[in-house]
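Dear colleague,

I am handing over the structure we spoke about, and you will find the sequence and the model just below. My notes on what was found follow after it, and I would be glad if you read them with the model open.

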Amino acid sequence: MTIRVAAPADVLAMAPDRHHIVAASAGTGKTFLIEHRIVDLIVRASIPLENILVVTFTEKATAELRLRIRRKLD
């Protein structure tokens with residue numbers, strides 16, 4: 001079974017074996033970038049979700065990110 005996921009160019013430019021920090025103002029697409037990065041790591045790099053750590057500043061942001069990642073993986 002082949003799974004194809006379109007990823008933004010910024011995500012594709014990120015090395016899967018490196019740590020990355022995403023810091024920017026509100027409304028700049030941080031959540032969009034992070035959700036695509038995580039899905040890219042899971043699908044293309046075959047990295048288990050248990051090996052991925054994402055830190056957000058609020059529980060609301062965490063809940064939104066979790067929901068968006070689940071929807072994208074479905």
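Helices here are DSSP runs of type H or I with at least four residues, numbered from the N terminus, and the names α1, α2 and α3 below are used in that sense. Please keep in mind throughout that this is a predicted model.

I begin with the helix that comes up most often in these notes. Helix α2 covers residues 30-43, which makes 14 residues, and reaches 20 Å from its first C-alpha to its last, close to the 20 Å expected at 1.5 Å a residue. Its buried residues are Leu33, Glu35, His36, Arg37, Ile38, Val39, Asp40 and Leu41, and what covers them includes α1 (9-12) and α3 (59-73). When you look along the helix, it may help to recall that an α-helix has 3.6 residues a turn, so residues three or four places apart point the same way.

Some of those buried residues return in the nonpolar core. The largest such core has six residues, namely Ile38, Val39, Leu41, Ile52, Leu65 and Ile69; α2 and α3 each supply at least two of them, and the largest share, three residues, comes from α2. Within this group, Ile52 touches Ile38, Leu41, Ile42 and Ile47, if residues up to four places away in sequence are not counted.

Next come the pockets. The largest pocket holds about 980 Å³ of space, and of the 33 residues that line it, the closest to its centre are His20, Val22, Ile34, Val54 and Val55. The elements that give two or more residues to this lining are α2 and α3, and α2 gives the most, with seven residues. By type, the lining of the largest pocket divides into 19 nonpolar, nine polar and five charged residues.

The second largest pocket has a volume of about 320 Å³ and is lined by 14 residues, of which Ile38, Leu49, Val54, Arg66 and Ile69 lie nearest its centre. Here too, the elements that give two or more residues to the lining are α2 and α3, but the largest share, six residues, comes from α3. This lining divides into nine nonpolar, two polar and three charged residues.

Which residues does Ile34 contact, leaving aside its neighbours within four places in sequence? This residue, placed in helix α2, is in contact with Val22, Val54 and Leu65. Ile34 and Val54 are 20 residues apart in sequence, and their C-alpha atoms are 8.5 Å apart in space.

Two further residues deserve a look of their own. Ser46, in the loop between α2 and α3, has a positive phi of about 55° although it is not a glycine. For comparison, most residues other than glycine have a negative phi. Is Ser46 buried or exposed? It counts as exposed, because its relative accessibility is 59% and the cut-off for exposed is over 50%.

The other residue is Asp10, which is found in helix α1 and is likewise exposed, with a relative accessible area of 57%. Asp10 and Glu59 are 49 residues apart in sequence and 26 Å apart in space, C-alpha to C-alpha.

If you wish to retrace these notes in the model, α2 is a convenient place to start, since it supplies the largest share of the largest nonpolar core and gives the most to the lining of the largest pocket.

With best wishes

Technical notes:
Residues are numbered from 1 along each chain as its sequence is written. This is a predicted model: local features need pLDDT of at least 70, side-chain atom pairs count only at pLDDT 80 or more; totals for chains, interfaces and linings use all residues. Side-chain values use heavy atoms; hydrogens and water are left out. The expected span of a helix is 1.5 Å times one less than its number of residues. Buried means under 20% relative accessible area, exposed over 50%, partly exposed in between (1.4 Å probe, protein chains only). Contact means heavy atoms within 4.5 Å. A nonpolar core is a set of buried Ala, Val, Leu, Ile, Met, Phe, Trp, Tyr and Cys residues joined through side-chain atoms within 4.5 Å. On a 1 Å grid over the protein atoms alone, a cavity is a set of points where a 1.4 Å probe fits but cannot get out, and a pocket is an open set with protein on both sides within 12 Å along at least five of seven lines; lining residues have an atom within 4 Å of a point. Grid points are joined across faces, edges and corners, and a volume is the space filled by probe spheres set on the points. Ala, Val, Leu, Ile, Met, Phe, Trp, Tyr, Cys and Pro count as nonpolar, Asp, Glu, Lys and Arg as charged, and the others, Gly among them, as polar.
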